[in-house]
Amino acid sequence: MTNTIYVLNGPNLNLLGTREPEIYGTTTLDEIAGDLEDRARELGLTIDMRQTNHEGMLIDWLHEAQAEGARAVLLNAAAYTHTSIALLDAIKAIRTPVIEVHLSDPKTREHFRHLSYVGMAAALTVEGHGADSYRLALEAVASGTV
């Protein structure tokens, strides 16, 4: 096992900072990555931050995380959280722990966002803390919680 944490981001997260800032805030994904890299360094960890709008790519990256011996995966699957049985199966198929991450709290939003396929297999869920959700998830890995 390495000290690398994969941070995988799903559809439309490339638009953070401008997309529905009243829900997701004004912090961009690049800003989150920079802050997370700094915190990871302080914790003796390395992050590998990625974003895609394609479900299959997220699945490939989950498989890669295990193959490369990643310590954990922080996964913000965005809308795929609520629709992708394929992601659920991929998380169940790997031994690498996955932490589900959300900027907002899906349970306080539209009814269709209350179901989380990702959460059915994730070791932990961190939600509703804005950009800090990523940092809190990273710190959970560093502390041994996951």
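**A walk from His82 to the helices**

His82 is buried, with a relative accessible area of 12%; anything under 20% counts as buried. Keep in mind that this is a predicted model. You'll find His82 in the loop that runs between strand β3 (72-76) and helix α4 (85-93). Leaving aside residues up to four places away in sequence, His82 touches Pro106, Phe112, Arg113, Leu115 and Tyr117.

Step from that loop into α4. Its buried residues are Leu87, Leu88, Ala90 and Ile91. Around the helix axis they cover an arc of only 165°, so they sit on the same side of α4. Look at the other side of α4 and you'll see Lys92 and Ala93, which are exposed. So what covers the buried residues of α4? The cover includes helix α3, strand β3 and strand β4 (98-102).

The pairing of α4 with α3 is worth a look of its own. Helix α3 covers residues 55-67, and it packs against α4 at an angle of about 5°, with the two axes 10 Å apart. Angles under 35 degrees count as roughly parallel, so α3 is roughly parallel to α4. On the α3 side, the contact is made by Glu55, Leu58, Ile59, Leu62, His63 and Gln66. From α4 come Ala86, Leu87, Ala90, Ile91 and Ala93. Sort the residues of this contact by type and you get eight nonpolar, two polar and one charged. Leu87, Ala90 and Ile91 turn up both in this contact and among the buried residues of α4.

Now go back along the chain to helix α2, residues 29-42. At 1.5 Å a residue, its 14 residues should span 20 Å, and the end C-alpha atoms are 20 Å apart, which agrees. Which residues of α2 are buried? They are Leu29, Ile32, Ala33, Leu36 and Ala40. Seen down the axis of α2, the buried residues fall within an arc of 100°, so they line one face of the helix. On the other side of α2, Asp30, Asp35, Arg41 and Glu42 are exposed.

The buried residues of α2 have a cover that includes strands β1 (4-9), β2 (46-51) and β3, along with helix α5 (132-143). Strand β3 is a link in this tour: β3 helps cover the buried residues of α2, helps cover those of α4, and lies at one end of the loop that holds His82. One last stop is Gly44, just after α2, which takes a positive phi of about 75°.

Key. Residues are numbered from 1 along each chain as its sequence is written. This is a predicted model: local features need pLDDT of at least 70, side-chain atom pairs count only at pLDDT 80 or more; totals for chains, interfaces and linings use all residues. Side-chain values use heavy atoms; hydrogens and water are left out. Helices (H or I, at least four residues) and strands (E, at least two) are DSSP runs, numbered from the N terminus. Buried means under 20% relative accessible area, exposed over 50%, partly exposed in between (1.4 Å probe, protein chains only). Contact means heavy atoms within 4.5 Å. The expected span of a helix is 1.5 Å times one less than its number of residues. The arc is that of the directions from the helix axis to the C-beta atoms. Axes are lines fitted to C-alpha atoms, for helices over the stretch in contact, and angles run from 0 to 180 degrees between N-to-C directions. Angles under 35 degrees count as roughly parallel, over 145 as roughly antiparallel, 65 to 115 as roughly perpendicular and the rest as oblique. Ala, Val, Leu, Ile, Met, Phe, Trp, Tyr, Cys and Pro count as nonpolar, Asp, Glu, Lys and Arg as charged, and the others, Gly among them, as polar.
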